[in-house]
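Q: Could you take me through this structure, please? I would like to begin with one helix and then turn to the aromatic rings.

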Amino acid sequence: MRKSHPIRRVVLAGAATVSGIVLLLSLKPASGPASAQAAGGAAPQQTAAAQEAPQGGSSRQAGTRTVTGDVAQTQYGNVQVRLTVSGGKITKAEAVQAPKGGLSDQKTAISVPKLNQEAVAAQSAQIDAVSGATYTSGGYRKSLQSALDKAKATSAGSGSSGSAGGKASSGSSGSSGSSGSSGSSGSSAQARTVTGNVAQTQYGNVQVRLTLSGGKITKAEAVQAPKGGLSDQKTAISVPKLNQEAVSAQSANIDAVSGATYTSTGYKQSLQSALDKAGG
């Protein structure tokens, strides 16, 4: 019986060793789910961060918009300007239409980049004509002004709707809604156009139309001007200058353009009648 004790010890030791190995193997998988849970917790955070980036990009895009002006017809072709506006400022100006063919290609290539640059710098249509491209410059400014008018109208419309909505939510009574509608009609009534009388000159009729907002001239244009022969050239040179001076002076006390005395005189007469009609 004593001789069997060593064998029994070997068997017990072997059994203990096997039990230890089994215990170790059973402990290793426990670390797997824990690490998997940790990895699972980190993944949603990365997804949330990834979703925030597109929202930031869309808000920036929402603040930038493009406005295309009306087509301005010139003797050598149409001109049309498109503006990119951000934060109420012109960030980019480009001509989507411009005179083409023959010598016009060269003039367009020289004048349009300069006009685009001046529009962004001036933040208005009060820009100088490019020498040698008078017709293109005149058409550019007309289309540019119409694009600016559209941009202002869009901004005014969004602002009035926002203010009306604020009044409706702040007040529970029906009077707040009526006051909001009267405010929007008042804002639209601020801008108006007045056309002066026709002024007859030796070379043709001149008639001026004004756009007024807040009691000030925001735009002046000649709806009639001398045409034909040399008059075309004189009108193209003088009228843009007279329009600019009318807006700057806010009156009919403007200087005559050299070489276009008759046109300048007729312009001032029609301009004065338009101001009289406007009550200025």
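A: Certainly. Helix 5 has a kink of about 25° at alanine 236, shortly before proline 240. Please note that this is a predicted model.

Q: Does the length fit, then: how far apart are the end C-alpha atoms of helix 5?

A: They are 28 Å apart. Helix 5 has 20 residues, 230-249, and at 1.5 Å a residue it should span 28 Å, so the two values agree.

Q: Which residues of helix 5 are buried?

A: Among them are Ala236 and Pro240, together with Ser231, Leu242 and Val247.

Q: And what follows helix 5?

A: Glutamine 250 follows, and its phi is positive, near 60°.

Q: On to the rings. How many aromatic pairs does the structure hold?

A: It holds two aromatic pairs. In one, the ring centres of tyrosine 76 and tyrosine 135 are 5.3 Å apart and the planes lie at 70°, so the pair is edge-to-face.

Q: Where do tyrosine 76 and tyrosine 135 lie?

A: Tyrosine 76 is in the loop between strand 2 and strand 3, and tyrosine 135 is in helix 3, so the pair ties together parts 59 residues apart in sequence.

Q: Is tyrosine 76 buried or exposed?

A: Tyrosine 76 counts as partly exposed, at 48% relative accessibility. Tyrosine 135 is also partly exposed, with a relative accessible area of 23%.

Q: What about tyrosine 203 and tyrosine 262?

A: Their ring centres are 5.4 Å apart and their planes are at 70°, so this pair is edge-to-face. Tyrosine 203 lies in the loop between strand 6 and strand 7, whereas tyrosine 262 lies in helix 6, 59 residues apart.

Methods:
Residues numbered from 1 in each chain as written. Predicted model: local features only at pLDDT ≥ 70, side-chain atom pairs only at ≥ 80, totals over all residues. Heavy atoms only, no water. Helix = DSSP H or I, 4+ residues; strand = E, 2+ residues; numbered from the N terminus. Expected span 1.5 Å × (residues − 1). Bend = angle between axes of the 7 residues up to and from the residue. Buried < 20%, exposed > 50% of the residue type's maximum accessible area, 1.4 Å probe, protein only. Phe/Tyr/Trp six-rings, centres within 6.5 Å; stacked < 30°, edge-to-face > 60°.
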